Each structure stands twice: as structure tokens, then as C-alpha cells.
Amino acid sequence: MDMTPRMKQIFRVLLKEEGAISVKELASRIAVSKRTVQREMEYMNRSLRGYDIDFVSKTGVGIWLEGSQEEKKRLLADISDGDDYDVSNREERRKRLILEILKEKGLKKLFYYSASAGVSEATVSTDLEAVEEWLNRYGLKVVRKPGSGILVDGTEENYRRAIRAFINENIDTKVIRDAYEGELSGESGQFDMLKKSNIGQILNDDIMRRVMDCIVGMDDVRVLTLTENSYVGLVIHISIAINRILKNEVIEDDGRWNGNEKQDEDYQLAQSIVRELEAEFEIQIPDVEIAYICLHIKGAKHEKIQWSGKSTVSMENRELQQLVNDMIDAYDSEKAYLLKQDDEFIQGLLAHLQPTLIRLMHGMQIENPVLMEIKRDYPDMYDRCIKVAGVIEAGTGKSVPPEEIGFLTVHFGAAMVRLQGRSEQVRRVHAGVICSSGIGVSRLMTSKLERVFRDRMDLTTFGKNDITPYVIGKMDFFISSIPMEQLDVPVIFVNPLLGDDDMEHIRNMIYQYARTPEKHKAADTFSMQLEEINLMAAQINMVIKYMDFFKVDNRISFDELLIAVSEKLSPYSDRREMIREDIRRREQIASQVFAEFGFALLHTRTKGVIRPVFNVCMTKDLGPFEDPYFKGISVVFVMLVPMDEHVQVNNDILGYISSVLIEEYEFLDVVSRGKKEEIRSSLSGYLKKYFNKYLSGLH
């Protein structure tokens with residue numbers, strides 16, 4: 001068997017899957033690029049020689065392994081031994097060497113590192129020379145002591161800076177978080193992969209697991225709102241420190257911290273974390289470690305700001321306020337006055353600036369995953385924020401890296417957008433996307449348009465035959481990939497792939513209509529009522545026309561039922577996934593399995609459907625579902641509302657049907673017989689009553 005370590009990772013994922021998986025999802029699972037996976041795929045079947053297993057790839061479906069369970073178990077057993085460390089990969093080997101050096105600070109023989117890396121001492125010596133430049137960046141120096149070994153010399157502060165930088169540069173924090181939290185919930189697959197990975201082989205997985213248990217178990221909002229990178233970085237930082245203490249390595253106190261910090265709420269949180277760790281590991285943790293945990297918390301970014309009165313941002317800090325004022329003046333002296341009136345901007349900038357200054361003063365790096373996009377899409381704002389960074393540099397004496405400038409650009413950019421919106425009447429534009437059926441090509445087009453213009457326009461998908469006078473009256477313009485007859489509003493004809501010229505044309509149209517008043521409605525109330533009646537009738541007709549009834553195996557599980565439902569409702573895998581996830585999310589809020597009524601009602605709003613849905617699902621023998629989750633019910637109703645401009649109308653219609661399920665026993669009697677057309681006829685009768693009641697309520 002000739003397999004690369006990465007190929008083993010791929011096979012382990014595929015062997016745990018029941019069906020196909022997309023290349024994108026696989027790449028995410030093993031923390032590599034999609035292209036890397038595709039490159040490995042070329043050699044998959046060659047690596048499977050000796051196994052009665054085939055690697056299958058099908059466009060639009062995904063990739064999977066075909067073979068008997070016995071053969072798959074044999075392959076899994078063969079690839080489960082050892083880790084995925086590739087000794088021939090020089091870059092990976094050198095990263096592993098850096099982590100070994102940072103894990104334990106003391107004097108080590110050259111043989112220790114060569115044995116760990118699985119190469120000769122001469123190769124390790126060469127690798128050491130290569131990583132020396134990286135270590136020097138953080139004030140660490142490699143000292144060679146003939147006859148004794150290798151020592152990395154530097155202050156404790158420099159040592160900690162290097163650890164944090166290595167985490168930011170090299171470690172996929174999502175993989176670690178998923179692995180440990182999956183292990184806690186009983187899903188061991190991700191954790192097994194982590195243990196065999198580079199970092200899993202270097203760091204003590206038991207220590208990391210126990211550290212994470214301590215931190216999560218505290219249930220402190222300041223920890224739970226840390227971004228993934230900051231959270232996992234804190235866990236790894238503490239795990240390395242615990243490892244050193246357990247090996248009786250002295251953690252130096254460089255004297256920079258004094259008693260003043262002990263009144264700080266972040267310091268008190270660090271103390272609480274240390275108390276939990278001391279109890280868990282039965283060790284004594286020095287005060288300097290409390291200081292370093294506090295420093296990490298202060299310099300961390302949060303998923304959301306916790307606004308707790310004035311405690312989040314100290315408004316007494318005149319020096320910080322003056323710095324913010326100077327930064328705004330440097331950005332745009334002419335607009336400075338107006339920007340200073342934006343309370344949301346000022347509070348956000350102050351909240352962002354406090355951890356930023358901590359990071360700068362202590363040389364702590366931060367990752368900015370969208371830096372390249374910011375530079376490319378907002379060059380003028382980024383250049384202005386370089387001047388803003390100059391104000392910070394003058395005040396602190398510390399250089400501001402591009403990653404921090406990128407985050408400043410986001411804050412100033414958002415404020416400028418709000419300012420522009422206040423200075424002129426700008427509204428969201430209503431546009432329709434047309435293709436022959438209202439699905440298919442238009443789905444691809446709307447996906448791209450929503451990604452680019454999501455804050456500036458409301459998009460609705462139409463089939464060619466859906467363009468009624470009522471629809472035309474609601475739209476500012478249409479975007480079409482097919483020839484259309486002359487309409488009363490502009491139509492932009494585009495290539496389905498939406499090239500740069502098409503996008504620019506659409507952008508100009510949005511700019512134009514965003515600055516004009518909303519379209520006037522019909523001249524009189526009667527015309528408006530006709531439009532509303534037409535919409536209500538059309539939506540009710542869709543519910544009746546597309547109502548479906550299907551049967552499933554009595555032994556089906558809840559997750560399997562969701563798969564069956566989504567496959568009935570959409571031919572597209574991404575929309576099926578949306579349907580499943582949205583139903584599952586709603587079910588987690590509060591179960592919709594009503595044993596007292598004998599049915600389940602799976603209902604939610606979702607982008608997975610393009611029309612209101614009412615479906616009925618029963619077992620093959622019309623008896624109860626056997627899975628205990630279903631509590632002995634015999635029927636599942638599926639009611640889905642598309643997330644479009646007709647949400648309210650569709651909610652009202654399906655809400656009425658929900659009341660029918662509870663109040664009208666006759667309808668449930670019809671359903672229990674399992675005849676599709678009988679159910680449709682009964683549903684039609686009830687919706688006719690609803691429509692008549694709706695008409696009588698119009699004035």
C-alpha cells in the first residue's frame with residue numbers, strides 16, 4: 001500500500017461517511033485547500049490496489065468509496081496505525097521542530113529533536129538553522145552548547161509572543177475546537193484525526209482536553225464570546241504552560257507585572273481560570289501565569305461586544321478619547337465632525353481600540369482572514385487608515401501591522417456607509433431575476449448577486465410565465481438570461497455567468513434606483529385590493545397544486561426522515577442541506593413532535609424552497625413510526641415558508657392550516673386513510689373557507 005499521510009486522512013473521512021461528500025466539505029474536514037484534495041484524488045484508486053474498494057467521483061453528487069463493509073474495515077485498520085506526519089515534507093517538519101522547541105523551553109540534546117522528527121541529526125541541524133530566523137523575530141536565540149545540546153534563550157515574554165504567533169500562523173483552530181467538543185458529545189471521529197495530526201502528536205491531548213473542560217465548565221460569558229482563534233489560542237497557551245509545570249520547569253517572572261492589575265476584572269477572571277486548573281491538575285501555578293492568561297484575555301477579540309453599561313468602554317479615559325478624535329481627524333478632516341456624531345461608530349472604535357493597544361504594546365499578533373479582500377475592494381479607505389495607524393504609532397511608539405489596519409478599515413468603512421446613507425435618501429432596490437422556470441440558472445445568478453449586493457437590493461426569482469402586471473408593479477427592474485418581450489420596466493439582459501460588464505451594469509442600475517422614491521402604487525384602493533387578492537389566490541393555489549404525499553419505512557430515524565423530505569423538495573444538494581438544517585434548528589428550539597395529537601409538524605422559514613410547501617408523510621403501512629423519537633405518532637406534516645417578499649402572506653396561509661390540524665378532526669381522519677387526492681381535496685375545501693373569510697375582511 002503506497003499512501004501519502006494526506007491520502008490516509010482523506011480515506012478516514014470517506015470511510016466514516018454513509019454516502020457521498022463534496023470535495024469542499026472534505027477539504028474543510030482535513031484543513032487543506034480544495035485543490036490539494038483534487039490533486040490527491042488522481043492517485044486514489046492506485047493506492048487502493050489490494051483492496052476490493054473503488055474510489056468514485058461524480059460531478060454534482062460528490063465523492064465516495066464503494067466496497068463491502070469488511071473491506072472498508074480492513075482498510076480503516078491498516079491506515080489507523082501511526083500519525084500523518086510526512087517526514088519528507090520539509091516545511092511541515094520545520095513547523096514541527098518549532099513547536100517542539102516552544103513546548104519545552106529547557107536544554108535538549110540534538111538527538112531529542114532528530115528522534116522526534118524521524119530524521120538524522122545533520123538534517124535537524126540544517127532545519128534548526130532555517131527556523132532560527134523565525135525565532136529571532138520574537139527575540140529568541142538558538143544557543144548551541146557543544147556536548148550539552150541546544151538551548152533557546154529569551155525572556156518569558158518573548159517566548160509567549162512566539163507561542164501566540166505560531167498558533168496564529170499554523171494551527172487550524174476550527175479542527176481543534178470541533179475535535180474536542182465533538183469528543184465531549186460522543187463523536188470521536190474528529191478527535192481521532194486530531195490525535196494523529198502534527199499538533200496532536202506534539203501536544204499532550206489529555207492536557208488540552210482537561211484544560212478545555214475547565215474553561216468551558218466555568219460558563220463565563222467573557223470566555224464563551226471569544227472568537228474561535230482566541231479561544232483555542234488560550235487553550236493551547238495554557239496547555240503548554242501546564243505541560244511545563246508538570247515537568248517542573250520554572251516559569252520566569254520578569255517583574256513587569258505589579259499589584260495594580262489585581263483590581264482588573266480580566267485579572268480576576270484569569271485568577272478564576274487558574275483556580276480551576278490547579279484543582280484539576282493538582283498543581284501550584286505561579287502568579288506570573290495568571291498575568292499571562294490575563295494578557296491573552298485582554299488582547300483577544302470577541303464574537304460580539306458585551307455591552308454592560310459603561311463598564312465595557314471606560315468613558316473617563318480622556319487619553320483614549322483624544323486618541324480616537326485624532327484618528328478620525330486623520331481619516332478625513334472634512335467629514336470628521338459628522339463621523340464624531342456617530343455613537344455606534346465611536347463606541348465600536350473604542351471597544352476595538354482597547355484590545356488593539358494591548359496587542360501592540362506586547363507585540364501580540366492577530367489574524368485577519370479578509371485582509372487581501374479589504375485591500376483589493378477598498379483601497380482608498382485602506383490608504384486613509386494607514387494615516388489613522390500613524391496616529392496610533394505616534395501615541396504608542398509601536399508599529400501597527402497591516403492586519404490591524406484592515407480591522408480599522410472595516411470600522412471606518414461602515415461609518416462612511418452610514419454617513420452616506422444619511423446625507424442622501426438611499427433605499428433598497430427591488431429587482432427580479434428571470435429564467436425559463438424560476439429555478440436552475442436563476443438560482444446560480446441570485447446566489448452571486450446576493451453575495452455582492454445583499455445590503456443594497458431585494459431579489460426575487462421568477463419564471464418567464466410568472467411576470468404578471470402585479471409583479472411588474474412591484475419591481476424596479478428585472479435581470480434576465482433569456483429573451484423577453486418589452487416590459488413596462490427596464491430589463492437587463494445578461495450572460496448567466498454574470499461577467500464583469502453585467503455586474504457593472506447592474507451596479508449602475510442599483511445606484512440609480514436607490515436614489516429614487518419607491519414606485520407609486522395603483523391609483524386607487526380598489527386596484528391595490530385586486531393586487532393583494534391576486535397574490536393571496538396565487539399562493540393558496542401553489543399550496544394546493546404542489547401538495548405532496550409520500551411514504552417512508554416504519555423504522556426511519558429523524559435524520560433519515562429529513563433527508564427523505566429534502567430530496568422530495570429540491571433536486572439541488574445545497575438547497576436540500578438548507579432545508580435539513582433549518583428544520584433541525586427549529587426542532588432543537590422546541591420539539592414539534594406532538595404525541596398528544598398523533599402527528600409531528602416540521603415547520604420553518606428557509607431559503608431551501610422557492611414556494612410555500614405543505615407535504616404529508618406517513619409510514620408504508622400507515623402505522624406508527626417505530627423510532628422512539630417520534631413518540632408513537634403516525635403522520636408528519638411538513639410546512640415550509642420561502643424567505644422572500646411574500647413571507648407574511650405565506651405565514652398566514654400555513655398558520656391557518658396549522659390551526660386546522662388541531663381543530664378539525666375530520667381533516668386528520670382523511671389524512672389517516674393515506675389517499676393523496678382525498679387529502680388534497682380536503683385541504684382545498686379548508687383553504688376555500690380561508691380565502692372567503694379573507695375576502696370578507698377586505699374593506
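## Exercises on salt bridges and helix H31

Arg 555 is exposed, with 60% relative accessible area; exposed means over 50%, buried under 20% and partly exposed in between, using a 1.4 Å probe and protein chains only. Keep that residue in mind for the second exercise.

This is a predicted model, in which local features need pLDDT of at least 70, side-chain atom pairs count only at pLDDT 80 or more, and totals for chains, interfaces and linings use all residues. Residues are numbered from 1 along each chain as its sequence is written, and side-chain values use heavy atoms, with hydrogens and water left out.

**Exercise 1.** Find which parts the salt bridge of Arg 210 and Glu 280 ties together.

*Solution.* Start with the criterion: a side-chain nitrogen of Lys or Arg lies within 4 Å of a carboxyl oxygen of Asp or Glu. The search of the whole structure gives 16 such salt bridges. In one of them, Arg 210 meets Glu 280 at 2.7 Å, N to O. Next, place the partners: Arg 210 sits in helix H13 (residues 205–217) and Glu 280 in helix H16 (residues 265–281), so the pair joins parts 70 residues apart in sequence. Helices here are DSSP runs (H or I, at least four residues), as are strands (E, at least two), numbered from the N terminus. Finally, check accessibility: Arg 210 is partly exposed at 23%, and Glu 280 is partly exposed at 34%.

**Exercise 2.** Work out which residue forms a salt bridge with Arg 555, then look at two further cases.

*Solution.* The partner is Asp 553, with the closest N and O atoms 3.2 Å apart. Asp 553 is partly exposed, at 28%. Now take Asp 377 and Arg 376, whose side chains meet at 3.0 Å, N to O. Asp 377 is partly exposed at 42%, while Arg 376 is exposed at 59%. Lastly, a network of salt bridges links Asp 332, Asp 380 and Arg 384.

**Exercise 3.** Determine how the buried residues of helix H31 are arranged and what they pack against.

*Solution.* First list them: in H31 (residues 665–672), Phe 667, Leu 668, Val 670 and Val 671 are buried. Their arc around the axis is only 155°, so they lie on the same side of H31; the arc is taken from the directions from the helix axis to the C-beta atoms. Turn to the face away from the buried side, and you meet the exposed Tyr 665 and Glu 666. Then list the packing partners of the buried residues: strands S11 (599–606), S12 (613–619) and S13 (635–642), with helices H30 (647–663) and H32 (676–696). Contact means heavy atoms within 4.5 Å. To finish, step just past H31, where Gly 674 takes a positive phi of about 70°.
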